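Here is a short report on one protein chain. Look at the fold first, then follow the text from the overall layout to single residues.

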Amino acid sequence: MQKAIIISRCSTNENRQDVTRQSQELTKNYGNQFNIVKEFTYYKSGTKNDEVNAEILDYAIKNDIKHIIAIEISRISRKISSFALFLEKCNENKINIIIDNFKLHTLLPSGEINGMVQTMLSIASTFTSLELSMIKERLNSGRDKFIRDGGKLGRKVGSEKDTKKLLTEHSDIVKFLKQGQSVRNVMKLTSKSSGTVQKIKKMVA
């Protein structure tokens with residue numbers, strides 16, 4: 001069986017997406033066709049993941065990967081230029097990209113470029129980029145309306161009170177931090193988690 005890798009990406013603000021669901025679905029659909037040797041699953045904006053894509057390409061080239069599978073084109077990138085570069089590198093190294101939701105393959109079984117599919121994906125990447133612009137526009141519009149209607153951004157009223165309460169509850173952490181103890185030592189001395197100590201540290205900084 002030819003080797004394949006899976007890309008499962010999600011932005012932290014994409015409530016309808018989930019990297020685990022993507023991986024499970026792709027493994028179910030392609031696990032019998034290919035030897036899936038690695039899954040790249042991560043949370044990061046599709047406009048800021050060029051570094052991860054470079055890592056994926058490097059792994060695929062060095063390990064003779066024949067197929068890269070993603071559930072949709074936006075999981076690879078939401079930037080037209082970035083997707084075009086990713087596609088170009090895959091073509092140069094005879095790596096087939098499979099976009100699951102449209103069942104599209106960028107290479108033919110012979111290894112030749114599938115011109116029609118690549119044209120379709122170029123158009124699809126344009127719509128992916130446009131979709132992101134529309135999402136940002138809607139978010140900005142909603143935020144502006146919230147402010148016009150009297151809403152306030154930033155810390156909630158009463159947050160100062162909540163801070164004082166937390167500092168009181170964790171006075172032992174405060175004491176040791178003021179002594180110059182490290183986070184690790186404070187954790188040992190108070191038997192409290194790293195998250196709690198870090199939170200209090202930010203408050204007293």
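Helices and strands are DSSP runs, numbered from the N terminus; a helix has at least four residues and a strand at least two. With that in hand, one loop can be placed: K103 lies in the loop between β4 and β5, and β5 covers 104–105. The model shown here is predicted.

## Overall layout

The protein chain has eight helices and five strands. Their order from the N terminus is β-α-β-α-β-α-β-β-α-α-α-α-α. The chain holds 205 residues, and 35% of them count as buried. Now take the contacts with a separation of 6 or more. Residues 24 or more positions apart account for 61% of these.

## The nonpolar core

In soluble globular proteins, nonpolar side chains tend to be buried together. Here, the largest nonpolar core has 24 residues. Those with the most contacts inside it are I56, I68, I76 and F86.

Which elements each supply at least two residues of this core? Four strands do: β1 (3–10), β2 (35–43), β3 (67–70) and β4 (96–99). Helices α2, α3 and α4 (115–148) do so as well.

I56 shows how such contacts look for one residue. Setting aside residues up to four places away in sequence, I56 touches I5, I7, F40, I68 and F86. Two of these partners, I68 and F86, are themselves among the residues with the most contacts inside the core.

## Two helices side by side

Helix α2 spans residues 50–62, and helix α3 spans residues 80–92. The two pack at an angle of about 5°. Their axes are 11 Å apart. Are they roughly parallel or roughly antiparallel? Angles under 35 degrees count as roughly parallel, so α2 is roughly parallel to α3.

Which residues make the contact? From α2 come D50, N53, I56 and L57. From α3 come S82, F86, K89 and C90. By class, the contact of α2 with α3 has four nonpolar, two polar and two charged residues.

C90 also brings up the cysteines. C90 is buried, with a relative accessible area of 0%. C10 is buried too, again with a relative accessible area of 0%. A disulfide is a pair of cysteine sulfur atoms within 2.5 Å. By this rule the model has zero disulfides.

## Buried residues one by one

Three more residues are worth a visit. A residue is buried when its relative accessible area is under 20%.

Start with V52, found in helix α2. Buried or exposed? V52 has 17% relative accessibility, so V52 counts as buried. Beyond neighbours within four places in sequence, V52 is in contact with Y42 and K44. V52 and F40 are 12 residues apart in sequence, and their C-alpha atoms are 8.9 Å apart in space.

Next is Q118, in helix α4. Its relative accessibility is 10%, so Q118 counts as buried. Leaving out neighbours within four places in sequence, Q118 is in contact with L87, N91, T106, L107 and I113.

Last comes S77, in the loop between β3 and α3. A loop residue can still be buried here: S77 has 1% relative accessibility. S77 and N49 are 28 residues apart along the chain. Their C-alpha atoms are separated by 7.2 Å.

## Two residues with positive phi

Now return to K103, and add S191. Each has a positive phi and is a residue other than glycine. S191 lies in the loop between α7 (183–190) and α8 (194–204). The cut-off for exposed is over 50% relative accessible area. K103 is exposed at 52%, and S191 is exposed at 67%.

| Residue | Phi | Relative accessible area |
|---|---|---|
| K103 | K103: near 55° | K103: 52% |
| S191 | S191: near 60° | S191: 67% |

## Looking back

Where does S191 lie? In the loop between α7 and α8. Where is S77 placed? In the loop between β3 and α3. S77 counts as buried, whereas S191 is exposed.

Terms used
Residues numbered from 1 in each chain as written. Predicted model: local features only at pLDDT ≥ 70, side-chain atom pairs only at ≥ 80, totals over all residues. Heavy atoms only, no water. Buried < 20%, exposed > 50% of the residue type's maximum accessible area, 1.4 Å probe, protein only. Axes fitted to C-alpha atoms, helices over the stretch in contact; angles between N-to-C directions. Parallel < 35°, antiparallel > 145°, perpendicular 65-115°, else oblique. Contact = heavy atoms within 4.5 Å. Nonpolar A, V, L, I, M, F, W, Y, C, P; charged D, E, K, R; others polar. Core = buried A, V, L, I, M, F, W, Y, C linked by side-chain atoms within 4.5 Å.
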